[in-house]
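Could you walk me through the aromatic side chains of this model, step by step? I have the viewer open and would like to know what to select next.

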Amino acid sequence: MGHLGSAKPPIEISKKKAEERLEAAQERLLRLRLTLGGQIGDKKIGPPLCVLFEGWDASGKGGAIKRLVAPLDPRHVRVSQFAAPTYDEKRHHFLQRFWNVLPGSGGMTVLDRSWYGRVLVERVKKFATADQWKRAYDEINEFERTLTAEGMILVKFWMHVSDEEQLKRFEDRAEDPLRVWKLTDEDWRNREKRKAYGEAIEEMLSRTDQPRARWHVIPGDDKGYARLAVVEQVCHVVEKRLAKLGLLS
């Protein structure tokens, strides 16, 4: 299915091996985060780091975010979640509500959902007019170019999960009294529009994948693989940037 491809990971990995690689990647990330913040190394403040997550319902965004921030001091990272805009937020340009949570130099923010709602849910459910969501691709690209031109490290993830696995996770949640709160009527309605969402996702990935703001599609049917893939990819992107800046020890 175009950019989304298969929901299967490119490698087969045992649960034990996945946990070992995840632990190693988390240790790498901790060191990188402290370097960015100027806590270790030559004590120079590095660029801001923003990690953005989008994905299907029940695709594992929450679990991936949890593993990404687990090794970090809570004072050194902010996780911001976005749902439907409020009445007051709708009075402004759709990008306005995201500015205040973006990280400054040496900071790190993780976004659970983002400005891509304009070309996904707002497009599919007609919360935005056709003119608004079609125009949004250029607006988003320019917004991200502005951020990365100022030095921000922007890492974008699409968490992909197959139709069959998503249904299984929905059913599991429905039967678990401690997780049933994560399953809503809206989730079931979104499943009915999966084809329309798939078309919107493909166009989004095609039109907003930029040299300094790449999309990374993570196959999420195997949660263990997906979690380590996210942390390893963030490490890779940050290491590459720090090496260019001469900040990687």
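**A tour of the aromatic rings**

Start by selecting W188, which is partly exposed in this predicted model: its relative accessible area is 32%. That value lies between the 20% under which a residue counts as buried and the 50% over which it counts as exposed.

Now add F170, which is buried at 0% relative accessibility. F170 and W188 form an edge-to-face aromatic pair, with 5.1 Å from centre to centre and 85 degrees between the planes. Colour by secondary structure and you will find F170 in helix α5 (residues 163–175) and W188 in helix α6 (residues 185–192), so the pair ties together parts that are 18 residues apart in sequence.

This is one of 9 aromatic pairs in the structure. For another, select W115 and F143: their ring centres are 4.9 Å apart and their planes stand at 90 degrees, so this pair is edge-to-face. W115 sits in the loop between β3 (108–112) and α3 (121–124), while F143 belongs to helix α4 (residues 130–149); the pair therefore links parts 28 residues apart in sequence. Switch on the surface and check both: W115 is buried, at 1% relative accessibility, and F143 is buried too, at 6%.

Keep those two selected and add F82, F98 and W99. Together, F82, F98, W99, W115 and F143 form one aromatic cluster.

For the last stop, select W56 and R194. Here a charged side chain joins the tour: R194 lies over the face of W56, 3.9 Å from the ring centre.

Methods. Residues numbered from 1 in each chain as written. Predicted model: local features only at pLDDT ≥ 70, side-chain atom pairs only at ≥ 80, totals over all residues. Heavy atoms only, no water. Phe/Tyr/Trp six-rings, centres within 6.5 Å; stacked < 30°, edge-to-face > 60°. Helix = DSSP H or I, 4+ residues; strand = E, 2+ residues; numbered from the N terminus. Buried < 20%, exposed > 50% of the residue type's maximum accessible area, 1.4 Å probe, protein only. Lys NZ or Arg CZ within 6 Å of the ring centre and 35° of its normal.
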